[in-house]
Structure formats: structure tokens, C-alpha cells
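User: Please take a close look at the sheet in this model. Walk me through how its strands pair and what packs against them.

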Amino acid sequence: MNTMSSDFDLVQMNGSSNSGGPGGGQTGDGDGTGFDLATETRIKTKKPSLYRVLLLNDDYTPMEFVVFILERFFNRSREQATRIMLHVHQKGVGLCGVYTYEVAETKVAQVLDLARRHEHPLQCVMEKED
Ligand code: TYC
């Protein structure tokens, strides 16, 4: 699944008096016909949307398992992982990291898969940043 647009879509702009923008372009009545048939190809760059990956608290998943998850899938140090785990334990929800769509989706799937294989009810979700 891919809902993101590319960072490097090529946009063809046919018509007269295109100007400016990344990549520049060629304009002008080069053939003496009085028509400007310049074609500009510019590189359209767009920042990808970002998604928060969140862990949810529950009463059964062992604290050490949550710390392990944060170390393994979210590249956290033992100290960071412990702090995040305790935050989730106390507040009910906590931030693991912020990623592009497919990376976030993969991390959620990895967490849910490992939790399910260990028969822990740990829940992990992603939400779009504004
Ligand atoms: N509340 C769990 C316990 O007391 C620990 C826990 C922390 C569970 C964070 C899930 O996302 C979680 N064992």
C-alpha cells in the first residue's frame, strides 16, 4: 500500500511564459512562429506526511517485554525505553517515534506480531501528524 506521492514527480508544463521554480526552464519564441511552445520540466518536491507510533497501556504485558520492544523496533537505549514504558504505564499512552507512513506501518506490524506470538495483549497504533 502506498498513498504517498513521490518526492520527485516530473511535472510537464506546456504553454507560454512559465517562469521560475526549481529546475528552471526554457521559454521564448524560438522558431519565429510567434507562439511560445516551451516545455518546462521541473522537479516537484513534497515533504512526506509523518506518523506517530504510539504504545497503549494494558494490565498484562510485562514491563520488560515493552522495554525490549522499544529497544528492538524503535532503536531506544535501555534508559530511553524504560522511561517511555513507565510513561505509558502511568499515562495510558506514549510516543515510540515518528516515521513516514510505510515505516510506521511496518513498526506497528512488528510490535503486534511479536506481542501476539508471546500472547501479550500489547497494542500499538499509528496516527498522522498535523
Ligand atoms: N501496565 C503493564 C504492567 O503493569 C506494563 C505496560 C507498560 C504494558 C506499557 C503495556 O504499553 C505498555 N505490567
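Analyst: Two strands count as paired if DSSP finds at least two bridges between them. The model is predicted.

Start with one pair. Strand 3 (residues 50-56) and strand 4 run antiparallel and share 7 bridges. Within this pairing, L55 sits opposite G94 of strand 4.

Now the whole sheet. It is open, has 3 strands in the order 4-3-5, and pairs in the antiparallel sense. Strand 4 (93-100) and strand 5 (123-128) are the edges; each has a single partner strand, so one side of each lacks a neighbour in the sheet. On average, neighbouring strands are turned by 25 degrees against each other, direction ignored.

Next, the helices. Helix 2 (residues 78-91) packs on the sheet and touches strand 3 and strand 4. The direction of helix 2 makes about 125 degrees with that of strand 4. Helix 3 (residues 101-117) also packs on the sheet, with contacts to strand 3, strand 4 and strand 5. Its direction makes about 170 degrees with that of strand 5.

Then the core. The largest nonpolar core holds 24 residues; V53, L55, I69, L70, F74, V111 and L122 touch the most other members. At least two residues each come from strand 3, helix 1 (63-74), helix 2, strand 4 and helix 3. Helix 1 gives the most, with 7 residues.

V111 shows the contacts in detail. Leaving aside residues up to four places away in sequence, V111 touches L55, I69, F73, F74, L122 and C124. L55, which faces G94 across the strand pair, is thus one of the residues V111 touches.

Key. Residues numbered from 1 in each chain as written. Predicted model: local features only at pLDDT ≥ 70, side-chain atom pairs only at ≥ 80, totals over all residues. Heavy atoms only, no water. Helix = DSSP H or I, 4+ residues; strand = E, 2+ residues; numbered from the N terminus. Axes fitted to C-alpha atoms, helices over the stretch in contact; angles between N-to-C directions. Contact = heavy atoms within 4.5 Å. Core = buried A, V, L, I, M, F, W, Y, C linked by side-chain atoms within 4.5 Å. Buried < 20%, exposed > 50% of the residue type's maximum accessible area, 1.4 Å probe, protein only.
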